[in-house]
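Work through the exercises below with the sequence and the model open. Try each task before reading its solution.

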Amino acid sequence: MPSADEIRDSQRLTWAGLAAGWEKWDSAIMDQLGPVGATMIERLDIAEDQQHLDIAAGTGEPGLSIARLAPKGRVVLNDLAAEMLEVAGRRARAQGLTNVETQVCSADDLPFDDAAFDSVSVRFGYMFFPDVAKATAEFARVLKPGGRLCSSVWVNPEENPWTTILMQAIATEVVVAPPDPDRPNMYRCAAPGYVGAVYEAEGLRDVGEWDVGVALVTSSPDEYWEMMSEHVSLAVAALQQVDEPARARIRANVIAKVSAFEKDGKVRVPGMARCIVGTK
Ligand SMILES: C[S@@+](CC[C@H](N)C(=O)[O-])C[C@H]1O[C@@H](n2cnc3c(N)ncnc32)[C@H](O)[C@@H]1O
C-alpha cells in the first residue's frame, strides 16, 4: 500500500504535468463541469460576505464563480499543484476578481484556523486524496458551526462514456491494471453513499447526495481525441506507455467510436457526477 507522501508526490507531479492541457482546453472543460459547479453552489447558499474555501480548486472552479457571488467576502483556492493554481490566478485576474487568494497545500493538512470558513467546496478532488477521512476531518475543522461542505465525484465508468470510450480503446493496446482502492483513481469514490458515510463519520449532519448529468462537447471526433489525450489523468498516464503505431491505432478506434455521438456539427459525450452536501 502506498504511503500518504507517495500519493501526494505522485498527484503533485501528475497535475503539474496536466496544467497546460487544462488551460488549453479551459472553455470545453468548464462547459462540461459547469452544471456540477452550479448545483454545488446552489446548496452552499453563498452570501455576499461569504468566507469560502475551494479545495482541489485546480484552475479555479467552482471557487471563482463563488467569488463573484461574494464581492464582500473572500475565497481561498487550495490545491496541491502550484501549476494548476497559477492557471487559476490568471483566470481570476482575467475576470477582474480581487477577493481570491491561492494556497498550495494538501487537503488533509490545512494551514487554517478552526472555524475559519462559512463553506467548503471540493469539485472532483475527493478521489485523489491519500486519506479521505483525514481530509474530511480537516474540512469539518475549518468550517464554522452551521457551515456547509459540498463535493462532487464521478459515478461508475458505465455512466461516463466520455472517459470509457478512450480507456477501452487504450485497453486494447496496453494492459491497464484494475483500479487499486488504496490509490487515487477517477472512480474511487463512485459507490453510492461512500462519501456521505465519510461525512457522517466526521460529524457532519443533514447529509444528502444527488446525481447530475454532464456532456463533454467538442466540435469534432478529432478534437475530442486531442482534448482527452491532453487533460485526463488516466489517459495521459496510459498513453505514455505506448509507441507511435499503437497510439495511432488507439486514436483511430476512439474516433470511430466517438463518431456515434456526433450530431448537428457537434460531438456530445455524456457523463454522470454525484454531489454530496453536509452541514457542520
Ligand atoms: C480534476 S481536478 C479538479 C479541479 C477543479 N476543482 C475543477 O473541478 O475544475 C483535481 C485537482 O485535485 C488536486 N489534488 C490532488 N490531490 C490533492 C490533495 N491531496 N490536496 C489538494 N488538491 C489535490 C489536483 O492537483 C487537481 O488540481
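The exercises that follow concern a predicted model and go from the whole chain to single residues.

**Exercise 1. The whole chain**

Task: Determine how many helices and strands the protein chain has, and decide how its radius of gyration compares with the globule rule.

Solution. Start with the elements: the protein chain contains ten helices and eight strands. Next take the radius of gyration, which is 18 Å, close to the 19 Å given by the globule rule for 280 residues, so the chain is as compact as a globular protein of that length. The C-alpha trace spans about 55 × 45 × 30 Å along its principal axes. Then look at burial: 44% of the 280 residues count as buried. Finally, consider contacts with a separation of 6 or more; 79% of them are between residues 24 or more positions apart.

**Exercise 2. The shell around the ligand**

Task: State which residues come nearest to the ligand, and describe the shell by element and by class.

Solution. There are 21 residues around the ligand, and those that come nearest are Trp-15, Ala-56, Gly-58, Ala-107 and Arg-123. Two elements give two or more residues to this shell: helix H1 (4-24) and strand S2 (74-79). The largest share, three residues, comes from H1. Sorted by class, the shell has eleven nonpolar, six polar and four charged residues.

**Exercise 3. Two residues with positive phi**

Task: For Ala-56 and Asp-206, give phi and location, and decide whether each is buried or exposed.

Solution. Begin with Ala-56, which is not a glycine but has a positive phi of about 50°. Ala-56 lies in the loop between S1 and H3. A residue counts as buried at 20 or more C-beta neighbours within 10 Å; Ala-56 has 25, so it is buried. Now turn to Asp-206, with phi near 50°, again positive in a residue other than glycine. Asp-206 belongs to strand S6 (residues 205-218). The limit for an exposed residue is 12 or fewer; Asp-206 is exposed because it has 10 other C-beta atoms within 10 Å.

**Exercise 4. A cis peptide bond**

Task: Find which residues the cis peptide bond joins, and where Pro-62 lies.

Solution. The cis bond joins Glu-61 and Pro-62, with omega about 10°. Pro-62 is in the loop between strand S1 (51-54) and helix H3 (63-69).

**Exercise 5. A bent helix**

Task: Locate the bend in H2 and list the buried residues of this helix.

Solution. Helix H2 (residues 26-44) bends by about 50° at Leu-33, and the proline Pro-35 follows within four residues. The buried residues of H2 are Ile-29, Gln-32, Leu-33, Val-36, Gly-37, Met-40, Ile-41 and Leu-44. After H2 comes Asp-45, whose phi is positive, near 55°.

**Exercise 6. Strand S5**

Task: Describe the burial of S5 and its pairing with S4.

Solution. Count the buried residues first: nine of the twelve residues of strand S5 (residues 143-154) are buried, so S5 is largely enclosed by the rest of the structure. Then check the pairing: strand S4 (residues 117-123) and S5 run parallel over six bridges. Ser-121 stands opposite Cys-150 in S5.

**Exercise 7. Val-198**

Task: Place Val-198 in its element, then give its burial and contacts.

Solution. Val-198 is part of helix H7 (residues 194-201). Val-198 counts as buried because it has 22 C-beta neighbours inside 10 Å. Leaving out residues up to four places away in sequence, Val-198 touches Val-132, Ala-133 and Thr-136.

Notes
Residues numbered from 1 in each chain as written. Predicted model: local features only at pLDDT ≥ 70, side-chain atom pairs only at ≥ 80, totals over all residues. Near = placed C-beta within 6 Å. Nonpolar A, V, L, I, M, F, W, Y, C, P; charged D, E, K, R; others polar. Contact = placed C-beta atoms within 7 Å. Bend = angle between axes of the 7 residues up to and from the residue. Rg over C-alpha atoms; globule rule 2.2 N^0.38 Å. Pairing = 2+ DSSP bridges.
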